[in-house]
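Me: I would like to learn how to read a protein structure step by step. Could you take me through it, giving the general idea of each feature and then the case shown here?

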Amino acid sequence: MKTTSTTKTFYAIAATATLVTMALPAQADTWRGWNIHPPGYPNTVALEAFAKNVTERTEGRITAQVYNNGVLGDQPDAIEQTRSGVLNFANFNMGPMGPIVPETNVLSLPFIFSSVEHMHEVMDGEIGQQFAEALAEKNLVALSWFDSGERSLYNTKRPIHTPEDVQGLKIRVMNNDLYVDMIEALGGNATPMAYGEVYQSLKTGVLDGAENNYPSFQSSNHYEAAEYYSLTEHLIIPECLCIARASWEALSAEDQEIVREEAIKASAMQRELWVEGSEASRQVVLDAGVQVNEVEDKAAFQQLMGPVYAGFIEANPDLESLVNAIRNSN
Ligand code: GTR
């Protein structure tokens, strides 16, 4: 049969239409979730429970799977992939979120929260809702908040008791200029770097140190290279369980409710596991010979953050009231 260009076009359109109708349902209900942590980590266990429960309760309308160890990309990449709907859900630390959602930088100001409990109260209340709204504007639907404890400095050279001890140390920070300012205010040299590259850099001396909570210090094996862990507790940064806005909006109201409920359950589970996990990780690093020291004069560190706050507020005058709201909420 001789085909005319009109029939050719028709066949091409028909073929595409078939492909689209065949491909859509499969894509729509297969959810890929990004996770930076290894199996067994508190966040991983909670995310896997979330994926399993969502899959079961939606009876196959969503099949959710978590990809651990950052195999789908580093955190800044994964944030972009989730914003564009290439990834469907993720557990993100608010640290690397700052460059994309400026409001969340408030959560990266050193010592902004007086304790983990203070952070939970703020994030679970009205102020937390403001952050969720800012994230939603950038296509990330934050359904619940995870814990990530207190972050402290660790390094290969010496215990840190005072800011002078930080002088000259090459410290890895997460991808956010605020942390560069923070380390420089202490006299150190800050190096923004992806989490997955830190272990090797500590081993080879490219870095002298980094900063993180006990579970990550342990699970990343950084403790094998950095012998000194000093309890500066300078950052308490919440993390979200975030859904790609496109994936969220494609759900029926009933499925949105299921996903929301499971996200809230996952955060309760994560927070419980976090407490046990932090203690277990602390024991592992102590048993391995890491020297952990208390920092008696934390105020000395805090005072040096004055210019970091001043610079931040000068650059973001509209966020000053949010900073004050958090500080006054304690
Ligand atoms: C962990 C956090 C990760 C990642 C990592 C880092 O505590 O859970 O999402 O931000 O720190 O230092 O990059």
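Reply: Let us begin where two parts meet: 21 residues of domain 1 are in contact with 21 residues of domain 2, where contact means that the C-beta atoms of two residues, placed from the backbone, lie within 7 Å. Please keep in mind that this is a predicted model, in which local features need pLDDT of at least 70 and side-chain atom pairs count only at pLDDT 80 or more, while totals for chains, interfaces and linings use all residues. Residues are numbered from 1 along each chain as its sequence is written.

Me: Which elements give two or more residues to the side of domain 1 that touches domain 2?

Reply: They are helix 3 (75-83) and helix 11 (253-287), where helices (H or I, at least four residues) and strands (E, at least two) are DSSP runs, numbered from the N terminus. By class, this side of domain 1 has 11 nonpolar, 9 polar and 1 charged residues; Ala, Val, Leu, Ile, Met, Phe, Trp, Tyr, Cys and Pro count as nonpolar, Asp, Glu, Lys and Arg as charged, and the others, Gly among them, as polar.

Me: Into which domains is the protein chain divided?

Reply: Domain bounds come from an automatic or database domain assignment, and here they give domain 1 (7-147 + 239-279) and domain 2 (151-235 + 290-316). The centres of the two domains, taken over C-alpha atoms, are separated by 28 Å.

Me: Why does the ligand lie between the domains?

Reply: It lies between them because domain 1 and domain 2 both give residues to the shell around the ligand. Among the residues that surround the ligand are I36, Q75, N93, Y195, N212 and E239, and the shell divides into 3 nonpolar, 7 polar and 1 charged.

Me: How many residues are in the largest nonpolar core?

Reply: A nonpolar core is a set of buried Ala, Val, Leu, Ile, Met, Phe, Trp, Tyr and Cys residues joined through C-beta atoms within 7 Å, and a residue is buried if 20 or more other C-beta atoms, placed from the backbone, lie within 10 Å of its own. The largest core here has 82 residues, of which F50, A142, L241, C242 and I243 touch the most other members. This core draws at least three residues from each of domain 1 and domain 2.

Me: What is C242 in contact with, leaving aside its neighbours within four places in sequence?

Reply: The contacts of C242 include T82, F89, L135 and A142. Across the protein chain, buried residues make up 43% of the 330 residues.

Key:
A residue is near a molecule or strand if its C-beta atom, placed from the backbone, lies within 6 Å of it. A residue is buried if 20 or more other C-beta atoms lie within 10 Å of its own, exposed if 12 or fewer, and partly exposed in between; C-beta atoms are placed from the backbone.
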